[in-house]
Amino acid sequence: MQVKILDAKAWQQFVTPLGPTPGLFLQSPDWLNFQQSLGGNAELLGIGDASNLRGAALVIVRTLPLNNKYIYVPRGPVV
């Protein structure tokens, strides 16, 4: 298994066959763009082997006081 950064097209190809899922907007490229417009550090990540994507997640990193970080995946991951 390997983790890789996904683009919006790869994310869409993985999620579309799953059908409507509650909270999926918070895992979408649109939410990624919104988080980045606020100055946040966020990435769409995928996990799987070389030929098959098994899961995807929007990972958001927030900086906290005293040089700490908070990493979260809102309403996800999608598997």
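Q: A residue is buried under 20% relative accessible area, exposed over 50%, and partly exposed in between. Why is Gln-2 counted as partly exposed?
A: The structure is a predicted model. Gln-2 has a relative accessibility of 42%. The value falls between the limits of 20% and 50%, so the term partly exposed applies. Gln-2 is placed in strand β1.

Q: With which residues is Gln-2 in contact, leaving aside its neighbours within four places in sequence?
A: The partners of Gln-2 are Gly-46, Ile-47, Gly-48, Asp-49 and Ala-50. Gln-12, by comparison, is ten residues away from Gln-2 in sequence, and their C-alpha atoms are 19 Å apart.

Q: Why is Val-3 called exposed?
A: The relative accessible area of Val-3 is 58%. Exposed requires over 50%, and therefore Val-3 qualifies. Val-3 lies in strand β1, which covers residues 2-5.

Q: Which residues make a nonpolar surface patch?
A: Met-1, Val-3 and Ile-47 make a nonpolar surface patch of about 330 Å². Membership requires over 30% relative accessible area; Val-3, at 58%, therefore meets that requirement.

Q: What makes Gln-27 buried?
A: Gln-27 has a relative accessible area of 0%. Buried means under 20%, so Gln-27 belongs to that class. The residue is located in the loop between α1 (8-15) and α2 (29-37).

Q: How do you know that the side chain of Gln-27 reaches the backbone nitrogen of Leu-58 in a polar contact?
A: The distance from the Gln-27 side chain to the backbone nitrogen of Leu-58 is 2.6 Å. A polar contact needs a pair of N or O atoms within 3.5 Å, so the distance requirement is satisfied. The Gln-27 side chain also reaches the backbone oxygen of Pro-74, again at 2.6 Å.

Q: Which residues surround Gln-27 in terms of contact, leaving aside its neighbours within four places in sequence?
A: Gln-27 is in contact with Trp-11, Leu-44, Ala-56, Ala-57, Leu-58, Val-73, Pro-74, Arg-75, Gly-76 and Val-78.

Q: Which residues have the most contacts inside the largest nonpolar core?
A: They are Trp-11, Val-15, Leu-44 and Leu-58, in a core of 13 residues. The elements giving two or more residues to this core are α1, α2, β2 (41-48) and β3 (53-64). Nonpolar side chains tend to be buried together in soluble globular proteins. Beyond four places in sequence, Trp-11 touches Leu-6, Leu-24, Gln-27, Ser-28, Pro-29, Leu-44 and Ala-56.

Q: What pattern does the protein chain follow along the sequence?
A: The order is β-α-α-β-β-β, with two helices and four strands. Of the 79 residues in the chain, 32% are buried. Among contacts with a separation of 6 or more, 50% join residues 24 or more positions apart.

Q: How do you know that the side chains of Asp-49 and Arg-54 meet in a salt bridge?
A: The N to O distance between the Asp-49 and Arg-54 side chains is 3.9 Å. The limit for a salt bridge is within 4 Å, so this pair qualifies. A search of the whole structure finds one salt bridge. Side chains of opposite charge can pair when their charged atoms come close.

Q: Are Asp-49 and Arg-54 buried, partly exposed or exposed?
A: Asp-49 has a relative accessible area of 31% and is therefore partly exposed. Arg-54, at 44%, is partly exposed because its value also lies between 20% and 50%.

Q: What makes the phi of Leu-66 notable?
A: Most residues other than glycine have a negative phi. Leu-66 is not a glycine, yet its phi is positive, at about 60°. Asn-67 likewise has a positive phi, near 60°. Leu-66 is in the loop between β3 and β4, and Asn-67 is found in that loop too.

Q: Why are Leu-66 and Asn-67 called exposed?
A: Leu-66 has a relative accessible area of 79%, which is over 50%, so it is exposed. Asn-67 has 71% and is therefore exposed by that limit as well.

Q: How do you know that the peptide bond from Gly-76 to Pro-77 is cis?
A: Omega of the bond from Gly-76 to Pro-77 is near 5°, and the bond is cis. Most peptide bonds are trans. Pro-77 lies in the segment after β4 (68-72).

Technical notes: Residues numbered from 1 in each chain as written. Predicted model: local features only at pLDDT ≥ 70, side-chain atom pairs only at ≥ 80, totals over all residues. Heavy atoms only, no water. Patch = residues over 30% accessible without salt bridge, like charges linked within 9 Å, V, L, I, M, F, W, Y side chains within 5 Å. Areas by Shrake-Rupley, 256 points an atom, 1.4 Å probe, with all protein chains shown as cover. Buried < 20%, exposed > 50% of the residue type's maximum accessible area, 1.4 Å probe, protein only. Contact = heavy atoms within 4.5 Å. Polar contact = N/O pair within 3.5 Å; in protein donor to acceptor, adjacent residues only side chain to side chain. Core = buried A, V, L, I, M, F, W, Y, C linked by side-chain atoms within 4.5 Å.
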